[in-house]
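Trainee: I would like to go through this model one question at a time. Please keep the answers short.

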Amino acid sequence: YSVTTAYPTRAGHCMAGPLIGEESGGVHGRDGMGSLADANFALFLDGLRLNATSNTTTTSFAPELFSNTPYNLTLRAMEGTDVSFRGFLIRVSGRNGEDVAESIQVLEPNQTQLLPSTGQMTGFNSACVKDVAGLCHTSPQDKTSITAELFLNRTAQVRFDVTVVTDNLGGGLNNW
């Protein structure tokens, strides 16, 4: 894991891929890469831990999910660890271009919120591209887990890109 930044009340973007240097417009600094496991976090789907399927520059998962089936999606600290996070982004996209923009339902409105799927935007009004869903934090308070519901209108292989902010040592607007 490594250093990254976010806004106190939402993710600053909804981009996929390496979140380092120029790839993210510099918002994650030089070191914004690594796996969730390196930082003692994991993503679970209906209680089953998802394993990363890509390289170490981004933590991505791509299981096949069935239509009209609700799934619990949980980001949490691994058992037996004493870690927490302050911010996060879970980006959900169709592996083959399927529209999954409305696949996430908020279950914890005091901790989570959806990013609109209205076109890629960064900053305080961040949004995901069309057909992509994004879930992020609502406050910089310490969290050990968050849960949302995932529900697809059609069977699809989905990709989860996950970013976790454990602390913010930056300055300016992101100092929290």
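Trainee: Which residue of β11 does G94 stand opposite?

Mentor: This is a predicted model, so the pairing is read from predicted coordinates. β6 and β11 pair in the antiparallel sense, over eight bridges. G94 belongs to β6, among the residues pointing the way of F88, I90 and V92. Its opposite residue in β11 is V158.

Trainee: In β9, what is the bridge partner of I90?

Mentor: β6 also pairs with β9, in the antiparallel sense and over four bridges. The bridge partner of I90 in β9 is L135.

Trainee: How many of the residues of β6 are buried?

Mentor: G87, L89, R91 and S93 point one way from β6, while F88, I90, V92 and G94 point the other way. Residues on both of these sides are buried. The strand is therefore largely enclosed by the rest of the structure, and the count of buried residues is eight of the eight.

Trainee: Which element gives the most residues to the largest nonpolar core?

Mentor: That core has 28 residues, and L43, L75, I90, V92 and F160 touch the most other members. The elements giving two or more residues to the core are β1, β5, β6, β9, β10 and β11. With five residues, the one that gives the most is β11.

Trainee: Which residues does V92 touch, leaving out those up to four places away in sequence?

Mentor: V92 is among the core residues that touch the most other members, and V92 is buried in β6. Its contacts include V100, S103, I104, V132 and A133. The rest of the list is L150, V158, R159 and F160.

Trainee: How many residues are in the other core, the one with A11 and C136?

Mentor: This other core lies apart from the one of 28 residues. Among its members are A11, L89, C128 and C136. Its number of residues is seven.

Trainee: Which cysteines form a disulfide?

Mentor: The structure holds one disulfide. The sulfur atoms of the pair are 2.0 Å apart, and both cysteines are buried. They are C14 and C128.

Trainee: How many residues apart are C14 and C128?

Mentor: C14 lies in the segment before β1, and C128 in the loop between β8 and β9. The disulfide thus links distant parts of the chain, and the separation is 114 residues.

Trainee: What is the handedness of the disulfide between C14 and C128?

Mentor: The handedness follows from the torsion about the S-S bond. That torsion is about 80°, so the disulfide is right-handed.

Trainee: Why is C136 not bonded to C128?

Mentor: C136 is buried, with a relative accessible area of 0%. The closest cysteine sulfur to that of C136 is in C128, and the gap is too far for a bond because it is 8.4 Å.

Trainee: Which strands stand at the edges of the open sheet of five strands?

Mentor: The order of this sheet is β2-β1-β5-β10-β7, with antiparallel pairing. Within the sheet, β5 and β10 are joined by six bridges, and one of the bridge pairs is T74 with T147. An edge strand has a single partner, so one of its sides is left without a neighbour in the sheet; the edge strands are β2 and β7.

Trainee: Is N68 buried or exposed?

Mentor: N68 is found in the loop between β4 and β5. Its phi is near 55°, a positive value in a residue other than glycine. Exposed means over 50% relative accessible area. N68 has 54%, so N68 is exposed.

Trainee: What is the relative accessible area of D46?

Mentor: D46 is found in the loop between β1 and β2. D46 is not a glycine, although its phi is positive, at about 50°. D46 is partly exposed, with a relative accessible area of 43%.

Trainee: How many helices does the protein chain have?

Mentor: Read along the sequence, the pattern is β-β-β-β-β-β-β-β-β-β-β. The protein chain holds eleven strands, and its number of helices is zero.

Trainee: What is the mean pLDDT of the protein chain?

Mentor: pLDDT stays under 50 over residues 1-5, and it also stays under 50 over residues 172-176. In the protein chain, 75% of the residues reach 70 or more, and the mean pLDDT is 79.

Technical notes
Residues are numbered from 1 along each chain as its sequence is written. This is a predicted model: local features need pLDDT of at least 70, side-chain atom pairs count only at pLDDT 80 or more; totals for chains, interfaces and linings use all residues. Side-chain values use heavy atoms; hydrogens and water are left out. A nonpolar core is a set of buried Ala, Val, Leu, Ile, Met, Phe, Trp, Tyr and Cys residues joined through side-chain atoms within 4.5 Å. Buried means under 20% relative accessible area, exposed over 50%, partly exposed in between (1.4 Å probe, protein chains only). Contact means heavy atoms within 4.5 Å. A disulfide is a pair of cysteine sulfur atoms within 2.5 Å. Two strands pair if DSSP finds at least two bridges between them. pLDDT is the predictor's confidence in each residue, from 0 to 100.
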